[in-house]
Amino acid sequence: MKKICFHFQISQPFRLRTYRFFDINERHDYYDDYQNHYLTQRLAERCYLPANKMMLDLIKKYEKQFKLSFSISGSSINLFKQYCPEVIDSFKELIATGCVEITGNTYTHSIASLNNKTTFLEQVKLQEKLLKETFGVKPKSFCNTEIIYSDEIGEWLSEAGYQVVLTEGARHILGWKNTSFLYCNPYQTDLRLLLRSYRLCDDITLRFQDRSWDQYPLTADKYMQFLHNTMGESDGPLFNFFWDYETMGEHYPAETGIFDFFRSLIDKLVQSGSFQFISPTDVLTMDTPVSTLHAPWPISCSGEEKDTNEWIGNSLQQEAFNQLFKLEDLYKKSKNKEAKLAWLRLQGADHFNFMSNKWLEHRFVKRNFEVYSSPYQAFINYMNVLNDIKIQLSE
Amino acid sequence: MVPNPQKHAFARNVNEKIVTFLGRVTFQKGPIYFVETAKMVLDRDPNVRFVLAGDGDMMQVVIDRVAELGISDRFHFTGFLRGTDIDKMFGMSDVYVMPSISEPFGISPLEAMQSKVPVIISKQSGVSEVLNYAIKVDFWDINAMADAIYGILHYPSLYNILSVKGQEEANNLKWEDVAKRLKIIYEKYV
């Protein structure tokens, strides 16, 4: 019996408005309220609400046989609360079934784990508080921003009380090992690692609508066949699938048949009898790790390289990153709540992603909701906001 | 563009940062947007000098507007430049702005980039289609233009990436490559 873990990530940021240099020290409203409202509503209607309803139907249909987990960033939860509270209600309904696990996360989809322990754990603690208030849950598993992970980040999480971490099945750290086993952190062997089978995940996220792909069109039957093909004798008991929840309805609109695909896939997985759905913390009682896994440098879900260049790769991103975290002391001392929250939000991975010129010359990854016409404009806007926050925090 | 090592050999003789417009002072080149932008930047940061190099039928209008805005002490006119004076001007510049309303191609930003000067060009210029390491704004969007100037002058990493990578990009734009690509296309279809 193969164990299968479905996990969905939701991480919408508070988008920044166009903030000019002459606004510095004049205005302190950094967010694009219209965009934030519009996009939250749009995503709720196209993705979160219909997808949650589908998941709820499936859970009811199969009772305890279908399980899944979510990581929802604090910013997303706050956007829902502000602009679309019915999304929160539908998640509450899902959690009440007992078949849905909410994992820990960062508060603002932050890349603080690439900076230092204190900034990262501050984010983790704030998110725990928000999850407690909103859903009444205390997570034991953790899914970091863009599944960034390293040995050191694992140690920090273990110290914060987490027992399972979801991360990428990056080939360069796995070597000859494979993602179908349970691993653990080499220094904190109680911390278990679930590794994403990214090839199989990408078959949906990248190739579902790719007409040049020899397997197009992808159907649930075909996907089941992929799963069977990857189950060799030497393989372990696990299949870990982590996707952006927006894959359903936003990256691929409902008309493409993405909802029917997922529904049918789940039907087949449950009915085949050879798969058992688990949630991340189920591995605590079921399996013991087969081995330790070393990740001396941070890995993530980015590109083929699985590194962190998408966020802190170029000199603009590094400058923004350094300037941002220089303000840590000011943040600790300041009593200005708005500015403190803004500082946390500026840690969001999306802001750094906008400054990336990784694809500048050969742009084959289309970003959703592009706001800036170039990485430079994204950088200028970010730095203008950051400079105002610096003044606000020091006052 | 053929690299010219002499181009950035000229030293500046003022302490302030220099923002340059170089071209015919005609309606089509958008000099008036340059003046309006200068005012916005100077209101916030007086340690900048703006230089308008060139001559044309809009000159009187531009001078009047500069006087009206009260920025004459920071806004300079060089008149028509030629030969090494152009190189000297680029050598002294920290930002080059080309706010053209319409521009079939626009070779001057490439010359600025060769001299390691970050450039801001209008989206309405042909050259904006071939450049990655340049900031592109709408010619009428003086807020965005002012913001880009301020950004380049105040955020060193932005200046550096545009200066270093920009020079590389301009030096790599060669007629040979264009001709080669054209030849391939011809061979494919003819």
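**View 1. A:Lys306, a lysine tucked out of reach.** In this predicted model, A:Lys306 has a relative accessibility of 2%, so the residue counts as buried, the cut-off being under 20%. Its backbone is worth a look too: phi sits near 55°, which is a positive value in a residue other than glycine. For orientation, A:Lys306 lies in the loop that runs between strand 10 (291-292) and helix 11 (309-312) of chain A.

**View 2. A:Asn25, another non-glycine residue with positive phi.** Here phi comes out near 65°, and again the residue is not a glycine. Most residues other than glycine have a negative phi. Is A:Asn25 buried or exposed? Neither label fits: A:Asn25 is partly exposed, because its relative accessible area of 40% falls between the 20% and 50% cut-offs. To find A:Asn25, look in the loop linking strand 1 (2-10) to helix 1 (33-62) of chain A.

**View 3. The cis peptide bond at A:Pro217.** Which residues does the cis bond join? They are A:Tyr216 and A:Pro217, and omega is about -5°. Most peptide bonds, by contrast, are trans. A:Pro217 belongs to the loop between helix 7 (198-205) and helix 8 (220-229) of chain A.

**View 4. Helix 7 of chain B, out in the open.** Switch chains for this one: helix 7 of chain B covers residues 175-189, 15 residues in total. From first C-alpha to last, helix 7 of chain B reaches 21 Å, close to the 21 Å expected at 1.5 Å a residue. How many of its 15 residues are buried? The count is zero, so helix 7 of chain B is hardly covered, buried meaning under 20% relative accessible area.

**View 5. Stepping back to chain A.** Chain A carries 16 helices and 10 strands. Its C-alpha trace spans about 65 × 45 × 45 Å along the principal axes. The radius of gyration of chain A is 21 Å, which agrees with the value near 21 Å for a compact globule of 395 residues. Of those 395 residues, 60% count as buried. Contacts reach well along the sequence: among those between residues at least 6 apart, 77% join residues at least 24 apart.

**View 6. The surface and charges of chain A.** About 16100 Å² of chain A is exposed, with carbon and sulfur atoms supplying 49% of that area. On the charge side, chain A has 44 positive and 50 negative side chains. The centres of these two sets lie 2 Å apart.

Notes. Residues numbered from 1 in each chain as written. Chains lettered and ligands numbered in written order. Predicted model: local features only at pLDDT ≥ 70, side-chain atom pairs only at ≥ 80, totals over all residues. Heavy atoms only, no water. Helix = DSSP H or I, 4+ residues; strand = E, 2+ residues; numbered from the N terminus. Rg over C-alpha atoms; globule rule 2.2 N^0.38 Å. Buried < 20%, exposed > 50% of the residue type's maximum accessible area, 1.4 Å probe, protein only. Contact = heavy atoms within 4.5 Å. Areas by Shrake-Rupley, 256 points an atom, 1.4 Å probe, with all protein chains shown as cover. Lys, Arg positive; Asp, Glu negative; His and termini not counted. Charge placed at Lys NZ, Arg CZ, Asp CG, Glu CD. Expected span 1.5 Å × (residues − 1).
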